[in-house]
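Student: Could you take a close look at how the copies fit together here, and follow the strands inward from there? I'd love one connected answer.

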2 protein chains.
Amino acid sequence: MSVVFEPVGYVRTEATTLPRHWSVSDVEGELVVDDAYATGLEGIEPGKRIVVLFHFNESSPFSLTSLRQRPPHAGGDKKGVFATCSPHRPNGIGLSVVTVLERTGTVIRVKGIDMRNNTPILDIKPDVRP
Amino acid sequence: MSVVFEPVGYVRTEATTLPRHWSVSDVEGELVVDDAYATGLEGIEPGKRIVVLFHFNESSPFSLTSLRQRPPHAGGDKKGVFATCSPHRPNGIGLSVVTVLERTGTVIRVKGIDMRNNTPILDIKPDVRP
């Protein structure tokens, strides 16, 4: 039973080299959300941390031969793909937690980018931690 | 440009009442992953915290009239949907962080469930925090 989503926006960044993970990134960029969703962004303000779910649209289709992968920089053994943040996964959904620097209408300037320019955004959520 | 995903498994729980958010849940349940992905789960072991992305399959189709919502229990004003964890959102992707209690093959017993029985699972990731 397939699940179909339409991107709500895209990532804009001038960075050509990106860190391998948001947790070590201080790259800045913008989340450009479709105008139709403008009022849905109320409450996303500077200083807040938000979760961005996005589509790994540049990854090749997943093959079951990639169920075990060796994470870069982690050294050592292969791991199951669900125990890694690999962009090459059964459903190519990426997750990054970024910090809001500024919001101007539907353009959210953020710090902590690890997505490429033009990456489709699927969802934005508050970063809720107990 | 639509993005299409196929669930990789589903949530199994006997709980009939669920907390409103994983951050306040100690409900136990199981993530039942399709056998085809068995080796993809290597490294998901007891004690680890994992991120589960799932489909809010019981939510009605999103309408732009719901761009501002009043979060339950939060009191006060409406917020933009992207500043809430509402299940009624443009792309119905849910996110919960749960703790692994046990893994037997492709069945992961976890604590911290806030999904209903039979919820389709889209992805599982390690909970990576700096």
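Tutor: Happy to. To superpose copies, a least-squares fit is made on the C-alpha atoms of residues with pLDDT of at least 70 in both. This is a predicted model, in which local features need pLDDT of at least 70 and side-chain atom pairs count only at pLDDT 80 or more, while totals for chains, interfaces and linings use all residues. Residue numbers start from 1 along each chain as its sequence is written, with chains lettered from A and ligands numbered from 1 in the order of writing.

Let's start with the symmetry. Chain B falls on chain A after a rotation of 180 degrees, with 0.0 Å of shift along the axis and an RMSD of 0.0 Å. The two copies are therefore related as by a two-fold rotation axis. Within chain B, the C-alpha that comes nearest this axis belongs to Val4(B), at 2.3 Å from it. Both copies use the same surface, as 100% of the contact residues of chain B recur in chain A (contact: C-beta atoms, placed from the backbone, within 7 Å).

How many residues does each chain bring to the contact? Chain A contributes 45 residues, and chain B contributes 45 residues as well. On the side of chain B that touches chain A, at least two residues come from each of β1 (3–5), β4 (49–55), β6 (79–80), β7 and β9 (120–126) (strands are DSSP runs of E, at least two residues, numbered from the N terminus). The biggest share on that side is that of β9(B), with six residues.

One of these strands also pairs across the chains. Strand β1 (residues 3–5) of chain A runs antiparallel to β1(B), and three bridges join the two (strands pair if DSSP finds at least two bridges between them). Here Phe5(A) has Val3(B) as its bridge partner in β1(B). Val4(B), with the C-alpha of chain B nearest the axis, is a good residue to select when you view this spot.

Now let's move on to the barrel. In chain B, six strands close into a barrel with antiparallel pairing, in the order β2-β3-β8-β7-β4-β9. Two of the contributors to the contact, β4(B) and β7(B), pair with each other in the antiparallel sense over seven bridges. Along this pair, Phe54(B) stands opposite Gly94(B) in β7(B).

From β7(B), follow the barrel order to β8(B). Strand β7 (residues 93–104) of chain B pairs with β8(B) over five bridges, in the antiparallel sense. Glu102(B) stands opposite Arg109(B) of β8(B). The hairpin of these strands has two residues between them, and in it Gly105(B) takes a positive phi near 65 degrees. Beyond β8(B) in the barrel order comes β3(B). Strand β3 (residues 28–33) of chain B pairs with β8(B), again antiparallel and over five bridges. There, Gly29(B) faces Val110(B) of β8(B).

What about the other copy? Chain A also has a closed barrel of six strands, running β2-β3-β8-β7-β4-β9 with antiparallel pairing. In chain A, strand β7 (residues 93–104) and strand β8 (residues 107–111) run antiparallel and are joined by five bridges. Here, Thr99(A) has Lys111(A) as its bridge partner in β8(A).

Technical notes:
Contact = placed C-beta atoms within 7 Å. Helix = DSSP H or I, 4+ residues; strand = E, 2+ residues; numbered from the N terminus.
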